[in-house]
Structure formats: C-alpha cells, structure tokens
Amino acid sequence: MDAVRRTLRVTGFVQGVGFRPFVHRLATQHLLGGWVLNDARGVTLCVEGPRAAADAFGRDLRERLPGLARIDTCEVVAEEAVRDWTTTFAIRRSRSDGGAGVLITPDSYVCTDCVAELFDPGDRRHRYPLINCTNCGPRYSIITAVPYDRPQTTMADFVMCPACREEYESAADRRFHAQPNACWDCGPRVRLLAPDGAEHPAPDPVDAAAALLRGGHILAVKALGGYQLMADPHHADAVAALRARKERSAKPFALLAAGSETVARYAHLDAHETRLLESPGRPIVLLRARAGSGLSPQIAPGSPTLGFMLPTTPLQHLLLAGTSGVLIATSGNAPDEPMARTEDEALDTLQGLADHFLVHNRAIHLRIDDSIARIVHSPGEPKVTFLRRARGYVPDPVPAPFAIPPVLAVGGELKNTVCVGSGTSLYVGQHIGDLKTTGNQRFFAETIDHLRGVFGVTPRYVAHDLHPDFHSTRYARSCRDMEPVAVQHHHAHMASCMADNGLDRPVIGVIFDGTGYGTDGTIWGGEFLVGDYRGFERAGHLARFRLPGGDKAVREPARVAIALLTQHFGQDAASLPLDLLRHRDPFEVGVLMKMTTRGINAPQTSSMGRLFDAYSALLGVCEESGYEGQAAIELEAQIAWDHTPAAPWPLRLTEDEGCLVVDHRPWLAALLDGILEHRATTAELSRAFHESVVHAVVEVCLRLARTHGLRDVALSGGVFLNQHLLVRTEAELTTAGLRVHTHRRIPTNDGGLSVGQAMVAAALATAQETAS
C-alpha cells in the first residue's frame, strides 16, 4: 500500500479555537496516526497512513474548520514514504521554541451551546456566569504568553475539578483543551460589592444586580476586557445620573441588547446591519433610531443614531434576562482615563460613578474596549467601516503589501493605537484613547510591551508623528534601541488607507480631519496629497483660516464661525443679523474678531473638520461641542441617510506656489445668503455644503489625476466618518473614472494612524538599507 508520513506547519487562527481537537477528530476519522501541537508560530502536525487518506485529510483540514479558526498558510514541511505506521493520534505538549509569530485569537462572544447550558436548569453549569468552551470565551485579554495554554493565561491559578478535567481531556467533548474551562466547583466566582468593597449578602449576586438595575441603580460590571457601567435606558433618572457622574453632556451611550429582534424594536436594521451585529466580533453597530421607542432621549441627545451591541459574556446574558432585555453598557472609566481592569481599579476609579460593583476573580491581563462599526451604503455593495477597532478584532493582523523590517509605530495623541510590524504582518493594538492622562499613558506602554512580547517582534525602527509635544512622540524619542522615523500626520493617514487596501503604488490622497501638524508648522486638515509610502507632495489644500483660542476653538465651533465671518467681512461682521452673534456678548465677539485679525493666539489651519464645525455653528446646529466631532455629526444628521445629490455652491480654485487651494469664501457667501434671505431650510443648506465639498474633491482630484497620471484615490481622515460625504464622494469620483479606496479593516480616523506610520517607516528603512 502507498503510505506516507507528512509534517505540516499551519498558521492563522489555530490556537485557542479548538483546532488541535479538530485535527485529532479528523485524523481519527481518516484512520491516520500522528500528532499535533501548538508552537510559537501556530500549529505543527504530523499524519501517517495511506496516501489517499492523507490527501482527504488535507482537503478536510481546510474545508471543515471550527467556527473561530482560520488557516492563513498550510505548508507541508516534510514527506516520506513509510511501510509501517501507527493509527494512534496524539495531542502533544505545546512548545515555545522556534521563533514567534503565532496569531492570537480575539476574545469571542459566548456561543449558542454555552448559552443553552447557561439557561438549562438541568445542566451543571446552570447560571454559571463564566461559562465557556473551546468555541467561545476570552482569548487575547487573558493571554500572558504564547503558545496559548492554560498556564500562560490568567486561568493558571484555577485547578480544574475532576468533571472539568474529564471534559478537557476527552477528544469527543466540546471542551477538549478549552483553556479557560471552569464551573461552579473549580472556577472563578462572581460577587456583588458595595462601593466600600463590602460583599452583598444575596445568595445569587447576579439576580440581585439585575434587581438593582431595574430599580434605577448604576452598576460597574466586569466584561471581557474591562468594566462597563450599566443602567436601565428606560429609567430617565438613572440615565441623567450616569451622564452627570461621567461628566458626559452629550456623547451617546452604547446599548446592550439580548438579540437582534430586541434591537429592531428600538432601531432600524437591514440585512447587512443584522449580519454585522451578529458577527463574531460583536461590535457596537451604529443604527438609525426608531421614533417613540420608549428609551430615554438622554441616551443619544441630538443624534438620530443609536449604538447597539449583542452580549459577549454569559454574565451579560444573565443580566439582560433579569431586566428588560436592553441596558446601557458604556466604558467603565473615569473621565479621560482608561477603563478599569481590576477590582481594585474599579473600586478606586469608579467611586462616585457606580452604586454597586459586579466583579469576578478571572483576571484581565490586557484591557480592551468594545469595537464600534457601521454599515456604509456606498455605491455597489454596502461595506463595514470601523470607528474603533478593539474587542473581537484585535489582534488580527493587517497584511502588509510588502515584506517589512521589524518596526514599532506609536500612533498619534488622540484615539491612539499602536502597531508592531514584521515580515508581511501589521499587528495593530486595541483602541487606547487620548494620551493626555497618566492612566492612558501607562495603558499605551503596557500595550506596546504586550504586543512586542506575544508576537516576538524586536523593532529596529520606531515611527511617530511630527508633532513634537505628543506623548507618543516623546516616547518614541526615548527608545534608545530603535531608530526614530518622523511621519507627517496626513501622510500616515494616506498610507494607512493604502495598506488597508493592499496598495503599493502612487495615489492621490484626500485626507480630511480636524488637526495634524504640517511640514510648514501650520495645522493641516483639508489636504490633497500625491505620493506613496516613501514620500508625498502636498498638491492641494483647503484655504487657511484662523482658530481664535487654538484648542478652545475645537470645543467651541462658534469661535471658528466668527473667525470665518471676520476674515470675509472684516469689522462689518459684528453687525450681521445672525443668531450666532446676537446671542453672544458683544465684547466677547469683539475680542474674538481682534484675535482673528491680528493673529493673536489664533493659529492658521486648513482643517476641513474645523470648517464643518464652523458651518454647524453658523446654521445654529451646534455652537459648543460636548465631545469630539459633535458639531459635524449633528450637521450631517440634518440630512442623515438621504444621499440624494443637490446643486453645489460655486467652486473657486486658486494656486499658491504650485499648490491648488480650495477657496471656501464663495461657500460662506452662499450660506449667508440662504440664512439671511430665508432662501433654504437648515437641512437644505447642510446638503448644499456637503455637496460643495464633494464637488471640490472631484474637481481637484481630476486635475491632479491629469497632472500626475494617476487614477487611484485614497480617502482617509476622521471627516470621512461622515457617511453622506463618503458615499457621495465615492460615487462622484467613481463616475469620473477614478478608482476609489476607502478604509475596511482599520478606522479612517486617528485609530488607523499607527498602521500608516509603520508602513512609511518600513518603506523608508527598506529603501535606505537597499541603498547602503
């Protein structure tokens, strides 16, 4: 008989997803002998037996994968003919030698089998709040080292009882080699605590917690990657108290619902949104709110959108079953601090925010917040776009378009993420947040150390933003064992979109955001770039205007509006019959006008984000922002989900030192004409402004395409989270014959900067190493 022994090396999501038990069952079904083990790269396995059986095994290995598994490569590293073979197949002890690079599976939502057991009174794990199996449960947040085995997770101190050990060792069981396996007898326990740490006497702490939520209390509840603050969204006093305690005047709260049918009672859902909501990543999905749903209007004041997610933990399932089936579930953190990870952190930092604490003693090694995504109904097939990439997706790598040297990229100051790259993989960390507090700065350093450690990357280069005062920049310059590479903010945005689409050729980059340090020392943000990873030319930009008060103007869009009026009308601006001016102290208006005219504490900017803010204020939509992007979000909400084209205002393009400049003064004149002469509604003027920006993008891109011989356009930057702007720009550019590339796997906002920084640094380093 023709028989072989084959050794295969498999990479992908093959640890912590039931892959070894799957291989064991598959080999046994095909009557093959051999072994399988985890190693530092993925999984290595050996099968021996008839060639036909080995061939069938190879086909089934790819086609019958467990739900959470993914094979990226499967290489036969050795094959030999054999005369004698065994039919015994073994799972061998993992080994950590031989390099690094194993993919770590993201944390997974609790599977349907475990949910069924959770609510089955006859099951030994009935209502066990930390139930899991090989197909679900924590992964990335509990891993301390690779390979992924129980001793290298935060479950190391829990010794399995005989019943759990039997499941763990039985190849026929769903919990075969499930590393977090546990039950009531041997696993972590849940407790309900008062703010002083005293334990609640209730026999069932989860049931008692649900009763508190029904009564209008606010609870801090431990989730997969950290603590969440929960409250009843129908209880107006609870919502108001949570808003006051979190010092969160307007930013919407995320909602947790028992299932998509529950979500559909409160928000509009199409098939694409339902699939995203129910997808393995279980992100918060932004949806159109239904009117009169019964939820407190303070959930998302001023916004027509609600953010819903489905439960990821058994504890969440139990709480939802004990309440109305929908709860507020917002990050458990003090203002501007990272979400609490440990019980001590929760009791310390959430004092005064939560009335009670629902905790357990399965430690979280690395905190990770919820992901946020939406479906964009672009031309052709609707697609997913991320606002925040974290739980459920991290640390799934983004493929690099070419092989790169070991590099660390430290991102920007806001919405920070970090990235380590090597070979053809970019390992992007979870959303960290704004690096203005010591808590987030520690989180930033912990994440870098963790990514470097688990992926075995020793960077030779560290990429950072040009801005000298960013914490991430200072960190990069302190890394004595790495060569620093400064990357301009908008170049990084362009490179991130290129990498997200696997591009390695010159493109036109349309990069619209709020703030980015320019090569000329001014604040950029409405940019047209031409280039690739290795360099760029600033080929166009929005006409500059002033920001009286600098950062204060970001929080007060009315300041930007007054600056625009001053630049256009001079001192006559003060007498314009606008509500924006009538409702403000004339002395304050005069001071802002002088600051603008004289350039005192009023830096220049070409920011499209700030222009959106100004128009929002001029239209009376939002004059003060309670959270980043509020003014622009509420301006878009005037026309939300209606992408009907409209006539744009006049476009004027000028040139400045060979650079195309979009002069927005004709837009301001048209807007004021519409307001003062009552020629159009707020919604109509908002649509005209959006369409004017779209028209400008198309005209500039067509000119640059002709001048530079390019057809690819990359759209990036936080302004392109504006769905109307993105959809209409993509449609018009496509109609004009250009190839449009938008973000798919990483956020278009500053959460994607680290990927672009890594690619720019890698390209420059490769070119330098090749030249030398």
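## Exercises on a predicted model

The axes of helix H18 (residues 608–618) and helix H20 (residues 665–676) come within 11 Å of each other and cross at roughly 15°. The structure above is a predicted model, so let's work through it step by step.

**Exercise 1.** Work out how H18 and H20 are oriented to each other: roughly parallel, antiparallel or perpendicular?

*Solution.*
- Step 1: Start from the crossing angle of H18 and H20, roughly 15°.
- Step 2: Compare this with the cut-off: angles under 35 degrees count as roughly parallel.
- Step 3: H18 and H20 are therefore roughly parallel to each other.
- Step 4: Add the handedness: the crossing of H18 past H20 is right-handed.

**Exercise 2.** Find out which residues of H18 and H20 meet, and sort them by class.

*Solution.*
- Step 1: On the H18 side, look for Leu611, Tyr615 and Leu618.
- Step 2: Their partners in H20 are Trp667, Leu668, Leu671 and Ile675.
- Step 3: Sorted by class, this contact holds seven nonpolar residues, with no polar and no charged ones.

**Exercise 3.** Locate serine 303, decide whether it is buried or exposed, and look for a polar atom pair there.

*Solution.*
- Step 1: Go to the loop between strand S11 (284–289) and strand S12 (305–309), where serine 303 sits.
- Step 2: The relative accessibility of serine 303 is 18%, and buried means under 20%.
- Step 3: Serine 303 therefore counts as buried.
- Step 4: Now follow its side chain: a polar atom there lies 3.1 Å from the backbone nitrogen of threonine 305.

**Exercise 4.** Here is a backbone puzzle. Which kind of peptide bond joins valine 394 and proline 395, and where is proline 395 found?

*Solution.*
- Step 1: Recall that most peptide bonds are trans.
- Step 2: Check omega between valine 394 and proline 395: at about 15°, this is a cis peptide bond.
- Step 3: Place proline 395 in the loop between strand S16 (383–388) and strand S17 (398–409).

**Exercise 5.** Describe the phi angle, place and exposure of arginine 127 and of tryptophan 641.

*Solution.*
- Step 1: Keep in mind that most residues other than glycine have a negative phi.
- Step 2: Arginine 127 is not a glycine, yet its phi is positive, about 60°.
- Step 3: Arginine 127 lies in the loop between helix H3 (112–118) and helix H4 (162–169), and with a relative accessible area of 24% it is partly exposed.
- Step 4: Tryptophan 641, also not a glycine, has a positive phi of about 65°.
- Step 5: Look for tryptophan 641 in the loop between helix H19 (630–637) and strand S26 (652–656); its relative accessibility of 33% makes it partly exposed.

Definitions and conventions
Residues numbered from 1 in each chain as written. Predicted model: local features only at pLDDT ≥ 70, side-chain atom pairs only at ≥ 80, totals over all residues. Heavy atoms only, no water. Helix = DSSP H or I, 4+ residues; strand = E, 2+ residues; numbered from the N terminus. Buried < 20%, exposed > 50% of the residue type's maximum accessible area, 1.4 Å probe, protein only. Polar contact = N/O pair within 3.5 Å; in protein donor to acceptor, adjacent residues only side chain to side chain. Axes fitted to C-alpha atoms, helices over the stretch in contact; angles between N-to-C directions. Parallel < 35°, antiparallel > 145°, perpendicular 65-115°, else oblique. Left-handed = near helix turned anticlockwise from the far one by under 90°. Contact = heavy atoms within 4.5 Å. Nonpolar A, V, L, I, M, F, W, Y, C, P; charged D, E, K, R; others polar.
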